[in-house]
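Q: Please take one part of this model and describe it closely, giving the cut-offs behind each term as you go.

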Amino acid sequence: MSIFTPTNQVRLTNVAVVRMKKSGKRFEIACYKNKVLSWRNELERDLDEVLQTHAVFINVSKGQVAKREDLMKAFGTEDTTEICKKILAKGELQVSEKERAGQLDQVFKDVARIVADMCVNPANKRPYPPGVLERAMKDIHFSVKPGRSTKQQALEVIRQLKETMPIERALMRLRVQVGAADAQRLRPRITPFIKVVESETWNDDLELECLADPGSFRELSELLSKETRGRASLDVLSLKEVEEGDEKLE
């Protein structure tokens, strides 16, 4: 589709329209195809890679730009960039059924890729290939939810896949350092966060290298910060502990 905008004589091509109705009026923005979902899933962060123009329209196909007073009444601002962000976040993407199916299929593949990056087979610590996870997701009849981020959906599908196959979050390798004044008191409270202790050194203070579930990192960090008033340190040595090679699911 090619759209001509008489206000600035710019021909817009490869257009995806996002529409929002507010204060009794219709507002539209012109985006690049395949970029709207990437923005909503936080895979694309450059707004100029998403928007064809920062103008707000009442009808993109006719090139009719919204009046400033209508924007102010509906959005409380005339800042078109901020308005575009609001429409991007909550507006309705206008696509054909074929395009919608293609976009949902791409999100499905993105979710599988994120799961593959986050998880391993607990028996041998090897990651599953995305293709294997896609088949497993189809077997449990997982369906994409367009309004949620791919990260949120990946976490949800991991919980569902655990019921049908051996899979768990890959562990993080951490280094914990606690000073002598707090080490003895805090060591028992650190234990619940640790899956595997790789080394533990005491020289009055405590230095611990361990494997931990990524989901517990924030809570452990908050505990150390609060209980030592920032004197302890928590370092990520590797984001995930995996064995080389891909796991195959027969």
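A: Ala, Val, Leu, Ile, Met, Phe, Trp, Tyr, Cys and Pro count here as nonpolar, Asp, Glu, Lys and Arg as charged, and the others, Gly among them, as polar. By these classes, the lining of the largest pocket holds 6 nonpolar, 1 polar and 4 charged residues. The model is a predicted one, in which local features need pLDDT of at least 70 and side-chain atom pairs count only at pLDDT 80 or more, while totals for chains, interfaces and linings use all residues. Residues are numbered from 1 along each chain as its sequence is written, and side-chain values use heavy atoms, with hydrogens and water left out.

The largest pocket (an open set of points on a 1 Å grid over the protein atoms alone, with protein on both sides within 12 Å along at least five of seven lines) encloses about 340 Å³ of space, a volume being the space filled by probe spheres set on points joined across faces, edges and corners. Its lining (residues with an atom within 4 Å of a point) consists of Asp117, Met118, Lys151, Leu155, Arg169, Ala170, Met172, Pro214, Gly215, Leu239 and Lys240. Two elements give two or more residues to that lining, namely α4 (97-118) and α6 (150-161); helices are DSSP runs of H or I with at least four residues, strands are E runs of at least two, and both are numbered from the N terminus.

These two helices also meet each other: the axes of α4 and α6 (lines fitted to C-alpha atoms over the stretch in contact, with angles from 0 to 180 degrees between N-to-C directions) come within 9 Å and cross at roughly 65°. The helices α4 and α6 are therefore roughly perpendicular to each other, the range for that word being 65 to 115 degrees. On the α4 side the contact (heavy atoms within 4.5 Å) is made by Val107, Asp110, Val111, Ile114, Val115 and Met118, and on the α6 side by Thr150, Lys151, Gln153, Ala154, Leu155, Val157, Ile158 and Leu161. Sorted by class, the residues of this α4-α6 contact are 10 nonpolar, 2 polar and 2 charged. Met118 of α4, together with Lys151 and Leu155 of α6, belongs to this contact and also to the lining of the largest pocket.

For context, a search of the whole structure finds 1 cavity of 30 Å³ or more, a cavity being a set of points where a 1.4 Å probe fits but cannot get out. The largest cavity has a volume of about 30 Å³ and is lined by Lys22, Ser23, Lys25, Phe27, Asp70, Lys73 and Ala74. Both β4 (25-32) and α2 (68-75) supply at least two of these lining residues, and α2 gives the largest share, 3 residues. By class, the lining of the largest cavity has 2 nonpolar, 1 polar and 4 charged residues.

Note on methods: Parallel < 35°, antiparallel > 145°, perpendicular 65-115°, else oblique.
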